Amino acid sequence: MSENALKVLYRLKKEGYEAYLVGGCVRDLLLGREPKDFDVVTDAHPEEIRQVFRNCRLIGRRFRLAHVHFGQEIIEVATFRALQAEGAHHERVLENGRILRDNVYGSIEEDAFRRDFSVNALYYNINDFSVVDFVGGMEDHRTSMMRLIGDPEKRYREDPVRMLRAVRFAVRLGFKIHQQSAEPIPRLANLLREIPPARLFDEIMKLMLSGYAVQNFEQLRHFGLFGALFPETERSLSHEPEGFPLTFLAKALERTDERIANDQSVAPYFLFAALLWEPVRARAGKLIEGGENAILAYQDAGNEVINRQLRLIALPKSIGMPVRELWALQPRFEMTQGGRPFRLLGHPRFRAAYDFLLLRAETGEADPVLADWWTRFQSAAELEQKSMVRSGNRAPSSRNRTRKRRSRSKTTRTPPVA
Ligand code: ATP
Ligand code: MG
């Protein structure tokens, strides 16, 4: 339990206000997990909160919140609110021209009913160590159930991101999504297309960097949410019932989860490059068939795919640029003769592009002999490197090819099976 959160609670009480811990931290504490952060709610208004704490900053234009700073740790303190002001609903209110200052303060009970899931709407009272529960959250906690508060369809329409949150929490906590909360999701999945792309980006990062990317991916697909987020990838996955596209992506996500479990860093651009690789590969293949050279084909395909994807999900430049580079470098691995391999080796994105190639080779989509050539090339001494680029990767694989062709011509003599 955060000592700083306790300080905030006691201080507010001392000043005569109500104050509770709420949301994710209460849920996680009940599960014996360490909360990521601690959120406090109170009946004090932002200006009043500021008067209580010197180390306090008010943030947010639409809805004012107080951040109480303790060195690195920030305790977020919000005032009880009454209405759902997030997401699509909020946007619509603004479009209608009504100015919503959002400072619609309410009672603790109203504050509970505007929250998303019952297990996220529990209030912890430090005075008597009790939990205040207006929505049956304790019972759902006992039965490990994610249950939307109120009418599920209405609540998803108000804010479709709640569908993604349902999946994310269910997977992370090992909870089930209550049948009535699960039922509307496939029908409403496409409402995600109305969500501002920047918000979807944030949600996808949470889903993919949670350490449960594989399970989240499976559940998102199960509910038809993945297709709403990555329509082109979903199409390519469903075209091939069993094949490397799924294996490749699943492998990439598995790697991500492993790295997070080992406290290693994960480059988000690698993840997005993997998520969109299959449509890029397919499109580049078409362009190459039409006579475009491979390097240009991958560049063009990459730009096309990413530009379409950006309408749904905002990728910051710091991700979009390296994603394109990672793709554009893939056909360059095929060129293993002359000075080109040395130039590729010196490329700032070489390491990531090579890891990407390995993943492709592992899942049968790229030539393992080629991947192996690059593995050897990197660690070889200069003299050996020079000899390697003289013959390139061509020599052994073209020999293989002729051998294969010969054996195939032999089999054609046997009559085909009817
Ligand atoms: P995490 O551990 O991932 O931070 P959390 O439950 O704290 O989980 P937050 O996104 O930090 O999730 O939100 C804090 C609380 O605010 C939630 O527990 C929930 O009560 C409420 N909340 C957040 N997003 C929504 C939403 N879209 N609709 C309704 N209530 C929400
Ligand atoms: Mg939180």
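**Cysteines, cores and a sheet**

A search of the whole predicted model finds zero disulfides.

Visitor: Is Cys 25 buried or exposed?
Guide: The cut-off for buried is under 20% relative accessible area. Cys 25 has 3% relative accessibility, so Cys 25 counts as buried. Cys 56 has 11%, so Cys 56 also counts as buried. The class asked for, for Cys 25, is buried.

Visitor: Which helix gives the largest share of the largest nonpolar core?
Guide: The largest nonpolar core has 87 residues, and Leu 225, Phe 272 and Trp 374 touch the most other members. Nine of the core's residues come from one helix, the largest share. That helix spans residues 161-173 and is α8.

Visitor: Which domains each give this core at least three residues?
Guide: Take again the core of 87 residues. Its contributors of at least three residues each include the stretches 144-208 and 230-418. These are domain 2 and domain 3.

Visitor: How many residues are in the second, separate core?
Guide: This core is separate from the one above. Its members include Ala 19, Ile 49, Val 52 and Ile 75. The count is 24 residues.

Visitor: Which strands are the edges of the open sheet?
Guide: The sheet has seven strands, with mixed pairing, in the order β3-β4-β5-β2-β1-β6-β7. An edge strand here pairs on one side only. The edges are β3 (56-59) and β7 (130-133).

Visitor: What is the bridge partner of Ala 19 in β2?
Guide: Strands β1 (residues 19-22) and β2 (residues 39-42) run antiparallel. Four bridges join them. In β2, the partner of Ala 19 is Thr 42.

Note on methods. Residues are numbered from 1 along each chain as its sequence is written. Chains are lettered from A and ligands numbered from 1 in the order in which they are written. This is a predicted model: local features need pLDDT of at least 70, side-chain atom pairs count only at pLDDT 80 or more; totals for chains, interfaces and linings use all residues. Side-chain values use heavy atoms; hydrogens and water are left out. A disulfide is a pair of cysteine sulfur atoms within 2.5 Å. Buried means under 20% relative accessible area, exposed over 50%, partly exposed in between (1.4 Å probe, protein chains only). A nonpolar core is a set of buried Ala, Val, Leu, Ile, Met, Phe, Trp, Tyr and Cys residues joined through side-chain atoms within 4.5 Å. Helices (H or I, at least four residues) and strands (E, at least two) are DSSP runs, numbered from the N terminus. Domain bounds come from an automatic or database domain assignment. Two strands pair if DSSP finds at least two bridges between them.
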